[in-house]
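User: Please take a close look at one part of this model, the boundary between the two domains of the second chain. I should like to know how that boundary is made up and what surrounds it.

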Amino acid sequence: MPILDHDTVQLAHGAGGRLSADLIGRLILPRFTSPELDRLEDQAVLDLPPGRLAFSTDTFVVSPIFFPGGDIGELAINGTVNDVAMCGAGPVALSVGFVLEEGLPLADFHRILCSMEAAAKRAGVRVVTGDTKVVGRGACDRIFINTSGLGVVPAGVELGAGLIRPGDAVVLSGTLADHGMAVMTAREGLGFSSTVRSDTAALNGLVRLILDVCPGVRALRDPTRGGVATTLNEFACAGGVGIVLEEASLPVRPDVRGACEILGIDPLYVANEGKLVAVVPADAAEAVVAAMRGHEHGRGAVVIGKVTDEHASRVTMITGLGARRIVDMPVGEQLPRIC
Amino acid sequence: MKHLEEYRDPRLARALLDRIAATVTRPWTVMEVCGGQTHAIMRHGIDQLLPPGLTLVHGPGCPVCVTPLETIDRALAIAARPEVILASFGDMLRVPGSRDDLLRVKSRGGDVRMVASPLEALKLAREHPDREVVFLAVGFETTAPGNAMAVKQAAAEGLTNFSEIVSHVLVPPAMEAILGSPGNRVQGFLAAGHVCAVMGWREYEPIAAKHGVPIVPTGFEPVDILEGLATVVELLEAGRPAVVNQYRRAVRREGNPAARAAIDEVFAVCDRKWRGIGLIPRSGLGLRPEFAAHDAERKFDVGDIVTEEPAVCISGLILQGLKKPDQCPAFGTACTPLHPLGATMVSSEGACAAYHRYARGIEL
């Protein structure tokens with residue numbers, strides 16, 4: 001880490017003077033070098049390949065900022081890359097905005113910047129513009145990050161929940177609930193150690209692979225907040241179709257399942273940050289799953305259910321015992337139960 | 001986590017369903033006492049797999065559901081005070097009082113913290129000697145030992161800034177109230193396994209004998225519940241009102257003596273109001289006088305906050321097994337998990353919430 005005059009973020013680091021220049025020039029810019037950013041203008045000017053643009057924004061406020069398997073910086077890059085990619089677009093450029101709390105150790109900030117640099121490299125996107133603000137102690141929780149992303153949708157690619165048809169297969173790229181349970185079990189106060197790690201990953205490579213194997217893929221989504229249950233309910237409502245899940249097919253790591261059971265939380269409703277749900281025509285499902293399993297972020301790909309014309313706009317499940325039940329939208333945050 | 005796959009094994013479950021079907025010759029109505037069991041029954045669809053004459057009704061064993069409105073209102077009044085840190089289990093945070101809930105008090109600046117154990121609340125009291133830490137101690141016999149230990153430890157350490165709002169309830173008096181009600185339909189019980197892990201089942205033996213009902217302490221996984229049901233049906237068909245333990249890996253006849261001793265040392269049996277049901281004599285636990293310094297309701301003088309339950313919903317009938325959630329005209333319309341009218345829609349373990357979540361308005 002470069003030596004600066006302070007160990008922690010000072011209000012003056014956001015005041016536009018020498019300290020600001022120091023922070024940006026010595027700590028931030030070296031991590032995100034790109035032709036657009038290095039001009040140091042107030043805006044990035046981009047030359048983009050032809051095609052429709054996909055544009056998305058997301059703000060990251062996760063606590064704790066470092067958790068098993070990742071940190072807030074990596075999440076901020078991967079999250080927006082994934083949001084752009086889920087319409088089939090190839091993500092090209094990101095903006096990054098930081099809100100730093102006075103007193104944040106600069107070593108922590110540097111560690112976050114390094115993991116953002118590595119995540120952007122892995123995803124093949126450039127950070128082309130950015131902003132840094134400092135707020136007084138207590139006005140934010142150490143660091144908040146906003147990222148926005150631009151991507152280009154290749155000609156002929158058209159995805160959306162409205163295209164889902166009865167008979168289609170629902171494919172999940174891997175295990176459920178890893179990110180949400182990693183963060184929840186790492187939170188101060190919960191008081192148990194665990195081996196659960198976040199699955200945070202950029203999925204644009206996996207999306208490209210799916211489009212190559214199955215150009216007729218109907219819809220893709222990354223099931224973040226609210227989990228797979230929420231994503232499938234959104235698909236069912238938007239498509240005016242029913243979705244039936246097979247409980248026995250849902251992949252959950254044993255340690256994640258254990259943590260969920262202890263806290264009384266259903267893994268179907270827990271956030272993922274490196275998984276996607278793909279709805280594909282039934283005759284393409286086998287080829288899509290096989291191709292996904294050959295990709296580092298799709299090793300656990302599996303068909304978890306199918307689209308039906310009964311129970312329109314509803315998600316139901318065939319339980320492990322062979323009964324049927326509803327998989328509803330969650331009401332709010334899942335809260336650990338009393339006993 | 002061991003035991004999850006084994007106790008959800010579809011082949012074992014199928015064999016138990018066959019055993020139940022082969023045993024039943026007449027209609028029977030069985031109550032599962034605990035909300036955790038209700039939740040598991042709905043989540044796995046167990047009720048759909050039973051022979052037609054065997055009816056499950058859902059009992060009062062949901063601590064969030066039966067905590068009286070006035071306890072919530074008192075907790076809200078205490079949580080709003082600037083010197084207080086109010087600590088609570090997660091699922092109490094969203095429970096509506098007359099006008100508010102703890103999450104809304106928190107959004108207005110109240111210091112409300114979610115903890116997984118009363119000992120975490122005790123830690124808060126140690127770390128913040130200048131603040132009053134109040135733990136919302138609700139639940140059945142299951143959570144009573146931990147809540148008792150926290151008070152005992154606070155007294156031993158001289159932590160005068162730690163107190164509890166105690167609203168503990170006891171299962172056997174509720175079972176007696178249900179069996180004694182004029183419209184009672186319950187012919188046998190699956191008793192709450194975790195309550196029995198603490199208390200054992202000796203106190204159920206006189207109830208079984210007096211009312212002629214079999215009682216089976218039962219666990220919470222599908223295979224547990226089906227084995228409990230097979231046992232209770234066999235006892236009913238044989239005309240044997242006995243107590244037989246299904247939850248052998250957790251429950252002994254005498255319960256957990258150390259946990260029971262902690263309860264007895266800190267708490268004494270008292271009359272208690274149950275949300276949706278009303279007052280049941282000798283159905284609760286309150287702090288003994290020697291621990292009065294740790295009684296939050298005295299400390300903050302909120303005893304005069306008295307709230308009557310609005311008579312708009314049938315949760316009292318549901319908690320006694322007299323009605324099912326989908327027999328309520330407000331179910332899923334005026335009353336939903338977002339806007340609960342009554343106790344059983346409030347908690348995720350309440351019978352109405354379980355019906356709403358897993359089986360609402362759909363022919364499956």
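Analyst:
**The domain boundary of chain B**

The centres of domain 1 of chain B and domain 2 of chain B, taken over C-alpha atoms, lie 18 Å apart. The assignment, which is an automatic or database one, places domain 1 of chain B at residues 1-299 and domain 2 of chain B at residues 315-356. The model is a predicted one, in which local features need pLDDT of at least 70, side-chain atom pairs count only at pLDDT 80 or more, and totals for chains, interfaces and linings use all residues. Residues are numbered from 1 along each chain as its sequence is written, chains are lettered from A and ligands numbered from 1 in the order in which they are written, and side-chain values use heavy atoms, with hydrogens and water left out.

In the domain contact of chain B, 26 residues belong to domain 1 and 21 residues to domain 2, where contact means heavy atoms within 4.5 Å. The two domains of chain B bury about 1800 Å² between them, and carbon and sulfur atoms give 66% of that area. Buried area here is the accessible area (1.4 Å probe) that two parts lose on being put together, summed over both. Within domain 1 of chain B, the residues that lose the most area to domain 2 are M42(B), H58(B) and C65(B), which together account for 25% of what that side buries.

Between these two domains of chain B there are zero salt bridges, a salt bridge being a side-chain nitrogen of Lys or Arg within 4 Å of a carboxyl oxygen of Asp or Glu. Five residue pairs across the same interface of chain B are in polar contact, both residues at pLDDT 80 or more. A polar contact is a pair of N or O atoms within 3.5 Å; within protein, one must be able to donate a hydrogen and the other to accept it, and residues adjacent in sequence count only if both atoms are side-chain atoms.

On the domain 1 side of chain B, the elements giving two or more residues are helix 2 (35-44), strand 2 (54-61) and helix 3 (63-66). Helices (H or I, at least four residues) and strands (E, at least two) are DSSP runs, numbered from the N terminus. Strand 2 of chain B gives the most, with six residues. By residue class, that side of domain 1 of chain B holds 13 nonpolar, eleven polar and two charged residues. Ala, Val, Leu, Ile, Met, Phe, Trp, Tyr, Cys and Pro count as nonpolar, Asp, Glu, Lys and Arg as charged, and the others, Gly among them, as polar.

Helix 4 of chain B (residues 69-79) is largely enclosed by the rest of the structure, because ten of its eleven residues are buried. Buried means under 20% relative accessible area, exposed over 50%, and partly exposed in between (1.4 Å probe, protein chains only). The buried residues of helix 4 of chain B include the charged E70(B), D73(B) and R74(B).

Elsewhere in chain B, R113(B) is placed in strand 4 (residues 111-114). R113(B) counts as partly exposed because its relative accessibility is 27%. Leaving aside residues up to four places away in sequence, R113(B) touches I85(B), L86(B), A87(B), S88(B), L124(B) and H128(B). One of these, S88(B), is 25 residues from R113(B) in sequence but 6.4 Å from it in space, C-alpha to C-alpha.

Chain B also meets chain A, in a contact of 42 residues from chain B and 30 residues from chain A. The area buried between the two chains is about 3100 Å², 58% of it on carbon and sulfur atoms. Three salt bridges are found across this interface of chain B and chain A. The side chains of D266(A) and R357(B) form a salt bridge, at 3.7 Å from N to O. Five residue pairs between chain B and chain A are in polar contact, both at pLDDT 80 or more. Helix 1 (10-23), helix 2, helix 3 and helix 16 (351-359) of chain B each supply at least two residues of the side that touches chain A. Helix 16 of chain B gives the most to that side, with four residues. The side of chain B that touches chain A divides into 22 nonpolar, eight polar and twelve charged residues.
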